[in-house]
Amino acid sequence: MKTAGTGSLGVLLRLLHQQFAGAVDEALAEAGFDDLRSSHASVFTFVPPEGMPVSELTRLARLRKQSMTQTVEELERLGYVERKRSSTDRRVRLVFLTPRGARIRPLAMATGGRIEAQWAELVGDQHLDTLKRGLAMLLAQLQPPSDDKTATSVAAVTAPRRVDRKRDR
């Protein structure tokens with residue numbers, strides 16, 4: 001049931017994502033990572049320490065293989081990722097974060113925590129927590145069954161976090 005005056009869910013999600021991504025991009029630029037774009041998040045979000053093939057990144061990020069390959073190549077040129085042959089299957093090349101690339105996720109996550117705290121101050125903790133729980137439930141129902149590695153990667157980025165709102169002030 002659509003509540004009067006709230007607009008389309010898709011539009012609201014897109015506009016909130018733009019706000020969120022813009023704030024993360026700004027924080028990354030301030031920290032010296034001004035060569036990154038929001039589209040690069042499709043790599044940083046999912047690459048585990050043990051690396052991941054481009055085909056798996058493509059599937060998780062729901063991008064075309066060509067788009068993901070171009071993103072990985074660009075990040076490789078910028079020094080954020082490297083590709084190495086798998087130790088178990090020499091035909092497979094895995095994407096790994098470099099030490100420079102590994103600095104991005106913690107910074108983005110900390111920024112995300114601050115954004116959530118700001119948003120909670122605007123609408124209240126209960127409303128924001130309800131929104132997050134509802135979106136997590138919907139996402140869990142919509143995601144196709146996956147292997148353990150994928151489930152672990154997705155769970156790591158969608159797990160609810162309690163933000164210490166007093167600490168971030």
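Here are a few friendly notes on this predicted model, taken point by point.

1. Some ground rules. Local features need pLDDT of at least 70 and side-chain atom pairs count only at pLDDT 80 or more, while totals for chains, interfaces and linings use all residues. Residues are numbered from 1 along each chain as its sequence is written, and side-chain values use heavy atoms, with hydrogens and water left out.

2. The core. The largest nonpolar core (buried Ala, Val, Leu, Ile, Met, Phe, Trp, Tyr and Cys residues joined through side-chain atoms within 4.5 Å) has 21 residues, and Leu 36, Leu 57, Val 72 and Tyr 80 have the most contacts inside it. Buried here means under 20% relative accessible area, exposed over 50%, and partly exposed in between, with a 1.4 Å probe and protein chains only. At least two core residues come from each of H1 (9-30), H2 (41-44), H3 (54-61), H4 (65-78) and H6 (104-123); H3 gives the largest share, four residues. Helices are DSSP runs of H or I, at least four residues long, numbered from the N terminus.

3. Tyr 80. Leaving aside residues up to four places away in sequence, Tyr 80 touches (heavy atoms within 4.5 Å) a set of residues including Phe 33, Asp 35, Leu 36, Phe 96, Arg 100 and Ile 104.

4. Helix H1. With 22 residues at 1.5 Å a residue (the expected span takes 1.5 Å times one less than the number of residues), H1 should span 32 Å, and its end C-alpha atoms are indeed 32 Å apart. Its buried residues are Ala 21, Val 24, Ala 27 and Leu 28. They cover an arc of only 120° around the axis, judged by the directions from the axis to the C-beta atoms, which puts them on the same side of H1. H6 is part of what covers them, whereas the face turned away carries the exposed Gln 19 and Glu 30. After H1 comes Gly 32, with a positive phi near 100°.

5. Salt bridges. Counting a side-chain nitrogen of Lys or Arg within 4 Å of a carboxyl oxygen of Asp or Glu, there are seven salt bridges. One of them joins Arg 100 and Asp 35 at 3.8 Å, N to O; Arg 100 lies in H5 (residues 99-102) and Asp 35 in the loop between H1 and H2, so the pair ties together parts 65 residues apart in sequence.

6. A buried partner. Glu 116 and Lys 132 also meet in a salt bridge, at 2.7 Å, N to O. Glu 116 is buried at 12% relative accessible area, while Lys 132 is partly exposed at 24%.
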